[in-house]
Amino acid sequence: MSWTQVADLAAAVCILLGALLALIAAIGVVRLPDLLTRMHAATKPQVLGTVLVMTGVALRLRDPGVVGMLALIVLLQMATSVVSSHMVARASFRAGQVRHDLLVVDELSDGPAHEEPRGAP
């Protein structure tokens, strides 16, 4: 096997794994019970899936201009996804759309700044 065939195989594996992570994120958004867990499912696997897909595309195309553009896409995705999900979570908390019975640590309410998790000694 030549190095181009190995790179194409690695590209296919990366793209399939990225697509699988995007599918898992979509299933998590539909199946999880509350807003915060849905947001976690929407951001964490989706960002890693995007990184894997972009890596696969870069391995397949092997053009320096395209690889630079894909790296920029990954960096912007990592920066905006995390910040936007954090802001939406804080706004949802302030609007009262969070189920407090599912929270282990609640650092945003009027209680103590750092509460002990349930079941902690």
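Among contacts in the protein chain between residues at least 6 apart in sequence, 56% join residues at least 24 apart. The model in which these contacts occur is a predicted one. Its secondary structure consists of three helices and zero strands, and the order of elements from the N terminus is α-α-α. The radius of gyration is 19 Å, well over the 14 Å given by the globule rule for 121 residues, so the chain is more spread out than a compact globule. The C-alpha trace spans about 60 × 30 × 25 Å along its principal axes.

Of the 121 residues, 23% count as buried. The exposed area of the protein chain is about 8200 Å², of which carbon and sulfur atoms supply 70%. Positive and negative side chains number 9 and 9, and the centres of the two sets lie 9 Å apart.

Helix α1 has 29 residues. The distance from its first C-alpha to its last is 42 Å, close to the 42 Å expected at 1.5 Å a residue. The buried residues of α1 are A7, A11, C14, G18, L21, A25 and G28, and the cover over these residues includes α2. T4 is also placed in α1. With a relative accessibility of 27%, T4 counts as partly exposed, because the value falls between the 20% bound for buried residues and the 50% bound for exposed ones. T4 and M78 are 74 residues apart along the chain, and their C-alpha atoms are separated by 29 Å.

Helix α2 covers residues 35-61. Its 27 residues should span 39 Å at 1.5 Å a residue, and the end C-alpha atoms are 38 Å apart, which agrees. Buried positions in α2 are M39, A41, T43, P45, V47, G49, T50, M54, G56 and A58. What covers them includes both α1 (3-31) and α3 (64-94). L48, another residue of α2, is partly exposed, with a relative accessible area of 46%. Between L48 and Q77 there are 9.9 Å in space, C-alpha to C-alpha, and the two are 29 residues apart in sequence.

R62 follows α2 and is found in the loop between α2 and α3. Its phi is near 55°, a positive value in a residue other than glycine. Most residues other than glycine have a negative phi. The relative accessibility of R62 is 31%, and the residue therefore counts as partly exposed.

Helix α3 has 31 residues and reaches 45 Å from its first C-alpha to its last, close to the 45 Å expected at 1.5 Å a residue. Its buried residues are L70, V74, S81, S85, A89, S92 and F93, and they pack against α2. Two of the serines in this set were examined individually.

S81, in helix α3, has a relative accessible area of 9% and is buried, since this value is under the 20% cut-off. Leaving aside residues up to four places away in sequence, S81 touches T43, Q46 and V47. Of these contacts, T43 and V47 are among the buried residues of α2.

S92, also a residue of α3, counts as buried at 7% relative accessibility. With residues up to four places away in sequence again not counted, S92 touches L35, Q97 and V98. L35 belongs to α2, which covers residues 35-61. After α3 comes G96, whose phi is positive, near 80°.

Taken by element, the burial pattern places α2 in contact with both of the other helices: the cover of its buried residues includes α1 and α3. The cover of the buried residues of α1 includes α2, and the buried residues of α3 pack against α2.

Key: Residues numbered from 1 in each chain as written. Heavy atoms only, no water. Helix = DSSP H or I, 4+ residues; strand = E, 2+ residues; numbered from the N terminus. Expected span 1.5 Å × (residues − 1). Buried < 20%, exposed > 50% of the residue type's maximum accessible area, 1.4 Å probe, protein only. Contact = heavy atoms within 4.5 Å. Rg over C-alpha atoms; globule rule 2.2 N^0.38 Å. Areas by Shrake-Rupley, 256 points an atom, 1.4 Å probe, with all protein chains shown as cover. Lys, Arg positive; Asp, Glu negative; His and termini not counted. Charge placed at Lys NZ, Arg CZ, Asp CG, Glu CD.
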